[in-house]
Amino acid sequence: MNFELTDEQSAIFDMAQSFGAEHIAPNARTWESDGTIPKELWTNLAGLGFGGLYVSEDRGGSGLSRLDATLVFEALAQSCASVSAFLSIHNMCARMIDAYGSDALKDRILPKALTMDTILSYCLTEPGSGSDAAALKTKAARDNAGYQLTGTKAFISGGGYSDAYIVMARTSDDGPKGISAIVVEDGTQGLSFGGLEDKMGWRSQPTRQVQMDSCSVPAENLLGDEGMGFKYAMAGLDGGRLNIAACSIGAAQSALDQTVAYMAERKAFGKSIDQFQGLQFRLADMEIALQSARTFLRQAAWKLDTGAPDATKFCAMAKKLCTETGSDVADQCLQLHGGYGYLADYGIEKIVRDLRVHQILEGTNEIMRLITARHMIQ
């Protein structure tokens, strides 16, 4: 078994890391304060091929593997987890359109999605259905022109900011099999948005409710077949969980790197604090935890790429392990900075805030444990 990245994979990581250091890191706090990300950033990222990381090359995408993509998100998250995670959402949606959309829908949506002139958002969660996602109530009633959508989606990254939304809606009352995936484009009559959510972290991402009141959508905006939307949504989440795991690892690595540098400069009792054995043990434990989580993440990505039968289980396990490891490492880094870690100027408190939500979204870590257990006992 070869654990070494190929030259191409190393180049992908280095390119993303360099872009983030130059274009994201210097602006991350400003964007957080503003509550939005300038859209020109996305077109610049798309110029590197990051607008369709695993969209097929036949459709103009980069055609990368899931493992390759995790390298992009890990590298970008070293500059800002919020920005990196938003790119993950767009890519998850682009892949769904590539995999399940009609040729007409692909022709209309994908070219601008790949250049990120069209930004995509994913709409599954509702005010009354989070972990129990199949209990969603948004309706999509069929009419002569297509579908009339009515309902509300909650906690939508890019709500009121994105250009198109993949909405999971109920086309029948047949439980999960009654859910379909439909693309709703910005400007559609009946589409509106709630107020900007005031969040603990991910503050640069605009987050709002997406509201539909008899929202008329053409039939060709259906992804795949009616009743298959929940399956498509869950398939998209396997990769999304890997990406969020990668974001946690990348941001935590940044926190650790900054902490090692800080400890070499910070003096107490006549010497730099990195010379105290007790603190060296803490650094070692964090390094071991991060390297272990990273290795597990890449194994899970390899399983998803190769179509392994236990890929969903490993994606769930990786998401739980990496998001909890990332949060724990970031919190310890804040502690090692002492009072300075609590100040925004040092950047550690932002990482702590941004990473906390990773244990909730893309399926809570409690659900990740449930998925893992069910695969063990089935």
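On the surface of this predicted model, Tyr340, Leu343 and Tyr346 form a nonpolar patch with about 260 Å² of accessible area together. Accessible areas follow the Shrake-Rupley method with a 1.4 Å probe, and for residues only the protein chains shown count as cover. Patches are built from residues with over 30% relative accessible area and no salt bridge, joining like charges within 9 Å and nonpolar side chains (Val, Leu, Ile, Met, Phe, Trp, Tyr) within 5 Å; a salt bridge is a side-chain nitrogen of Lys or Arg within 4 Å of a carboxyl oxygen of Asp or Glu. Tyr340 sits in the loop between α9 (311–336) and α10 (348–356). Its relative accessible area of 36% makes Tyr340 partly exposed, a class lying between buried (under 20%) and exposed (over 50%), judged with a 1.4 Å probe and protein chains only.

A few words on reading the model may help. Residues are numbered from 1 along each chain as its sequence is written, and side-chain values use heavy atoms, leaving out hydrogens and water. Local features need pLDDT of at least 70 and side-chain atom pairs count only at pLDDT 80 or more, while totals for chains, interfaces and linings use all residues.

Helix α4 (residues 66–77) offers a friendly place to look inside. Helices (H or I, at least four residues) and strands (E, at least two) are DSSP runs, numbered from the N terminus. Twelve of the twelve residues of α4 are buried, so this helix is largely enclosed by the rest of the structure. Among them are Arg66, Asp68 and Glu74, as well as Leu71 and Phe73. The buried residues of α4 pack against α1 (7–24), α3 (39–46), α5 (81–100), α7 (229–265) and α8 (277–306), where contact means heavy atoms within 4.5 Å. The expected span of a helix is 1.5 Å times one less than its number of residues; for α4 this gives 16 Å, in agreement with end C-alpha atoms 16 Å apart.

Helix α8 has 30 residues, and its expected span of 44 Å likewise agrees with the 44 Å between its end C-alpha atoms. Its buried residues include Leu283, Met286, Leu290 and Leu297, along with Arg294 and Lys303. The cover over the buried residues of α8 includes α4, α7 and α9. Just after α8, Gly307 takes a positive phi of about 70°.

Finally, the cysteines were examined for disulfides, defined as pairs of cysteine sulfur atoms within 2.5 Å. The count comes to zero. Cys123 is buried at 0% relative accessibility, and its sulfur lies 7.7 Å from the closest cysteine sulfur, in Cys93, too far for a bond. Cys215 is also buried, at 0%, and its sulfur is 11 Å from the closest cysteine sulfur, in Cys123, again too far for a bond.
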